[in-house]
Amino acid sequence: MRTRKAWGALAMSAVMAAALLSACSGSNGSNGSNGNDANDGSAGGSQPSASESGGGQSPSASGGQAGAADPYKLPDPVEVTTFKGVTPNAKLPEGDTVEDNQYTRYIKDKTNISFKLLWYASGQDYDQKMKLAVASNDLPDMMIVDEPTFLSLAEAGQLEDLTDVYAKYAAPLTKELYASTDNKALDKAAYKGKLLGIPNISVQADSVAMVWVRKDWLDKLGLQPPKTVDDVEKIAKAFVENDPDGNGKADTIGMTGSASALSAPAKAAFHNFKPIFEAFGAYPGNWIKDSSGNIVYGSIQPETKAALGKLRDWYQAGLIDKEFALRKDTNEPVVSGKAGIFMGPWWAGGMLADTYKNNPQADFEPYLVPDANGKINNLLVPVSQRFIVAKKGMKHPEAAVVYANTFIAAQRKTDPDALKLDFTIDATYWPIGNATFDYADAVERKADALKKALAGETPPDSLTPEVKALYDNAVKDKASPRSDLTVWKSYYGYTTPADLLKTDMNKMYGEFTTTTKTMGRKWANLDKMEQETFYKIVMGEQPLDAFDKYVSDWKSQGGDEITKEVREAVASVK
Amino acid sequence: MSVLVRNKTFGSRLSEGVLLAVMLLISAVSLAPVWHTVSLSFSDNAAAAGGFVKFWPRGFNLESYRKIMVEPHFLHSFLVSVERVLLGGAINFALTVLMAYPLSRSGKEFPLRSAYMWFLLFTMLFSGGVIPLYITVKSLGMFNTLWALVLPGAVPVFNVVLLMNFFRNLPKELSEAGYMDGAGPWFMMLKVFLPLSLPSLATVTLFSVVGHWNSFFDGMIFMRSVENYPLQTYIQQLVVQLNIADLDSTQAELLEKISDKTLNAAKIVVSMVPILAIYPFLQKYFIHGIMLGSVKE
Amino acid sequence: MRFRAYYKHYHLMLLPGIALMIVFHVVPMLGIAIAFQDFKIGRGVWGSQWIGFENFTYMFQIHDSAVIFYNTAFISLMKMIAHLIVPLVFAILLNEVRIRSVKRWVQTIVYVPHFLSWVILASVISDMLSLNGIVNQLVKALGFDPVMFLASNRWFPAIIVGSDIWKEFGFAAIIYLAALAGINPNLYEAAEMDGASRIKQLIYVTLPSLMPTVVLLATLSIGNILNAGFDQIFNLYNPLVYSSGDIIDTYVYRVGLVQAQYGFATAVGLMKSLVGFIMIVLSYRIAYKYANYRIF
């Protein structure tokens, strides 16, 4: 009954609005929630004791640092409160709990820090609850937060300054890790010259947007894989017109899309046209450096107009799914076997497994599409999106650094004891949840290790448990390809798609990933205008030149003001 | 029963037939999405994701139900929900009756009723939001207890207003006769009004049971860990609402849950069944009416 | 006056409920203060900057606030009317069904869609309304061109209202069924004695008996004038129908995507409550003045 339900909602009206606000983690591509990344850093070399540990100085648990402080162990036991996000129903060995498992025991053993878990939750639940707790000033001693939360807390002076304890306690391996990002990561974690958080390292594989094409259809129609945007167009046209599924009906879809297809998010998303935009040198939705080095908003650039024009032509010609903006189940055209091209990230295995289950003859291959100059453009994920922070006034802020040191050492296996850990146990069971301190190219590394083992260059037994699991599945699948799609999908991403990740790309950075004062007030309106205009242009409800009006409206309705703020903000960090 | 004693000569068999046909059509229209959901829940996820499930399950399996129910937390969550419904429903019921009765008195009988009434209406519309509620519950030390789920919504204002309205529409003679006999307010409420209001009592009870059973938000914010979640909160977090922008890709576990239509459908079925099971017990009160006749004096 | 002796009992009856309301509802209402602040998480209610009515004025400075308000009020008004009529008519019709088992089954079936989520229903609806969906097949059979309903600003509000009714009418009818069940059978007997036909009984007995409930529900739902149903619209809309389907709540949600703005969200919530409350007071006044009827 509506009235009552609505009342319920009303009773919490402001509430819900607030809750909704916090429910939304999305746009900045950041989110503290269940960090996921199972990366046990297994990656690296296949030998656990290997090379990567920074000029060979592998820190022993007893602490290699001379004199001063032990970066891996506090002198006395310390109890630290925290809360965290966990993966729902992730497996734990019998008898272990979220609060007491191999990771928590390992940390306690190594560092003398025992964590008191105030609460935990999963996914968006965690996100909402974390924001509520933070908004109610109900902070734990230590936690992992996303960038917007980090900045709010920093601005409010709720975070302990870690500058000194970092200088004193940071292990060589930790320092080396950040050095590998040109210290961009540490810059992100700094606020007004103080280091207020220990930043993570984003996995860059997620940024690469690929064009996935039905290889079996290509073969059937005698077409070559795409090497340019025009090739994509030709292939899509053939897919639509030449009845590639051979059912005698014109029921195939050239390429798919979604209600969030007309932007270029840092993390590649399914059915999003990032690869096409990038091939035009367009980065809608991002603050980028233009050719003269100024920071500009990607959506209002002429390149974006050109890309939209292309998409518009494609839509008009029926190459793009007629209903792409309306679909609720965006995977459906692919999974049902109707669609021949979709754009998406390297980890499409799950969707493909469903597709192959329904259409055993189907076979998708990923490709990268270069721009007119033959360059493959790639907009990267911000170098850090999550931060370990300590509450202002916390007694032992050094615990944050010591924890991070130990966590990194364990992930990199530079601590021999870490070899005893079973890294197939979900990483969110680490005491404060999963921060990713893996290599930015973790996926590629794992793929290499797998490749070497499969080629017989390295003995399988030397693999880390996680890569070993991939290896076992790959071997099992080789015996009878795709007979068990669960097996297939678990390792497939680390083969062909991960190989593509190693392609030489023109790396672009989003120069500004947070918000400014005016954005808070005016961005929703500008964004609405952008989305509405872009969709209407592509779907033919408005002419391409509506773009020009959008640009001038965008500028006059706050865009210019915001651009100024963004430039100032970026300049102030430098 | 009123319907049965009424004049059968009016209306032909035709109108009777048309009525039945209309009811059948309405039922079919209502049943379709429900049936579709049930079919989805029993289907293979690949078939569901491909849009092949329309009316019958495709690739029949119980995988989604296994995912939900085999987990150790399921049973416990179910029990938490049952406790919550029993305790919360009882509190709701008692307070609804206790408040509806005095409010149903006329201004003459109870001059302050209007003040109370507007107070309730005011609280129905205005709220301070979730942050102060969080702080209140925490400072009362009710975190992670059943009370946090039951007390903040102890007074279902809509139900109070509804029951007040029903009470008010009972024949005036009732009260007058009661007063003549020297019956006090407690007696009137418990022995006269309650027995005469079974349909509306069943209605408000249903609303509060459904409300308690379905709510997941409070479980999420007030409970410390998944072990203490009520069923809806537990199920809610199983179906991870993923925003791809929030994901790091390397964790296969989570990715598999993306677009898990079947799990989503099974979650609805699982949470719906208990409510449907108790439904007939309440339904009989508001669908067949009561013998008011017995009180005409 | 013997009523006076009862006052204390009435207060006593109300006491527990009122006390709980004060603790869990009135005291937390202090949180409304956030509406007048540039609330920053981390700073809290006491640490955030007071900015007066800025959050409220901002609400009206939004570029297309007029459109958003109009969409909200229009959709919710349509829903309100539909929700008054459809369940009422259905309840009355169902009440006329003589076969008890049919009555029970039909009533149970129509009540179930209430438990479906908008996520599931949105996918069912978009399926039905797609170019190859059953609705368009019907459209084609009738000789028209297929329509992209969910991309059409002409159709979108109607789809919202219609699908909401589809989901909720059965549940909403319960109140009317309870009211019908509570009608004193003596009234029907008396009417029958007077030779009233079934139609006449409907007009002179059934409808008047339902009137207080109808008026009550209408009044309460008019308090909801600025709630057009976030969950539903959020799951069904897309950028093409922003001009007919973007409502206050979806807009506020998107504002929050950019930057969590508790102050603004609270201000919007407060404004919606205020408007709703004023509407309720007005309805009460009008009913009292012109019909001499007290709704509450």
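**Close-up views of the predicted model**

**View 1. Arg98(C) is buried, at a relative accessible area of 17%.** The model is predicted. The cut-off for buried is under 20% relative accessible area, so the 17% of Arg98(C) qualifies. Which acidic residue does the side chain of Arg98(C) meet in a salt bridge? The partner is Glu16(B), with an N to O distance of 3.6 Å. Arg98(C) sits in the loop between α4 (65–96) and α5 (100–111) of chain C, and Glu16(B) is in helix α2 (residues 13–41) of chain B, so this pair joins two chains. Glu16(B) is partly exposed, with a relative accessible area of 28%.

**View 2. Gln283(B) and Thr108(C) make a polar contact through their side chains.** The distance is 3.0 Å. Gln283(B) belongs to helix α16 (residues 261–288) of chain B. Is Gln283(B) buried or exposed? Gln283(B) counts as buried because its relative accessibility is 2%. Which residues touch Gln283(B), once neighbours within four places in sequence are set aside? They are Arg104(C), Gln107(C) and Thr108(C). For chain B as a whole, the elements are 16 helices and zero strands. Chain B has 297 residues, and 57% of them are buried. Among contacts in chain B with a separation of 6 or more, 71% link residues 24 or more positions apart.

**View 3. Chain C meets chain A over a buried area of about 5,100 Å².** Interface size is often quoted as the accessible area lost when the parts come together. Here carbon and sulfur atoms give 60% of the buried area. In chain C, the residues that lose the most area to chain A are Ile41(C), Leu240(C) and Val258(C), together 14% of what that side buries. How many residues are in contact across chain C and chain A? The count is 69 residues of chain C and 55 residues of chain A.

**View 4. Polar and charged pairs cross the interface of chain C and chain A.** Five salt bridges are found there. In one salt bridge, the side chain of Asp246(C) meets that of Lys528(A) at 2.8 Å, N to O. With both partners at pLDDT 80 or more, 15 residue pairs of chain C and chain A are in polar contact. Helix α13 (residues 248–258) of chain C supplies the largest share of the side that touches chain A, eight residues. That side of chain C comprises 33 nonpolar, 25 polar and 11 charged residues.

**View 5. Two annotated spans of chain C are 100% helix.** An unreviewed UniProt entry places the feature "transmembrane region" at residues 12–36, 68–94, 115–135, 155–181, 202–226 and 262–284 of chain C. Two of these spans are described here. Residues 68–94 of chain C are 100% helix and 0% strand, with end C-alpha atoms 38 Å apart. Residues 262–284 of chain C are also 100% helix and 0% strand, and their end C-alpha atoms lie 32 Å apart.

**View 6. Lys131(A) and Asp127(A) form a salt bridge within one helix.** The N to O distance is 4.0 Å. The two residues are four apart in helix α4 (residues 123–135) of chain A, so about one helical turn separates Lys131(A) and Asp127(A). Lys131(A) is buried, at 8% relative accessibility. Asp127(A) is buried too, with a relative accessible area of 1%.

**View 7. Arg482(A) and Asp363(A) pair in a salt bridge between two loops.** Their side chains meet at 2.8 Å, N to O. Why does this pair tie together parts that are 119 residues apart in sequence? Arg482(A) lies in the loop between α17 (465–479) and α18 (485–492) of chain A, whereas Asp363(A) lies in the loop between α14 (349–358) and β12 (364–367) of chain A, so the pair bridges that stretch of sequence. Arg482(A) counts as partly exposed, at 25% relative accessibility. Asp363(A) is likewise partly exposed, at 23%.

**View 8. A network of salt bridges links residues of chain A.** Its members are Lys110(A), Asp415(A), Asp417(A) and Lys420(A). Over all chains, the salt-bridge count comes to 49.

Definitions and conventions
Residues are numbered from 1 along each chain as its sequence is written. Chains are lettered from A and ligands numbered from 1 in the order in which they are written. This is a predicted model: local features need pLDDT of at least 70, side-chain atom pairs count only at pLDDT 80 or more; totals for chains, interfaces and linings use all residues. Side-chain values use heavy atoms; hydrogens and water are left out. Contact means heavy atoms within 4.5 Å. Buried area is the accessible area (1.4 Å probe) that two parts lose on being put together, summed over both. A polar contact is a pair of N or O atoms within 3.5 Å; within protein, one must be able to donate a hydrogen and the other to accept it, and residues adjacent in sequence count only if both atoms are side-chain atoms. Ala, Val, Leu, Ile, Met, Phe, Trp, Tyr, Cys and Pro count as nonpolar, Asp, Glu, Lys and Arg as charged, and the others, Gly among them, as polar. UniProt positions are given in the numbering used here, feature names are shortened, and annotations may be inferred rather than shown by experiment. Buried means under 20% relative accessible area, exposed over 50%, partly exposed in between (1.4 Å probe, protein chains only).
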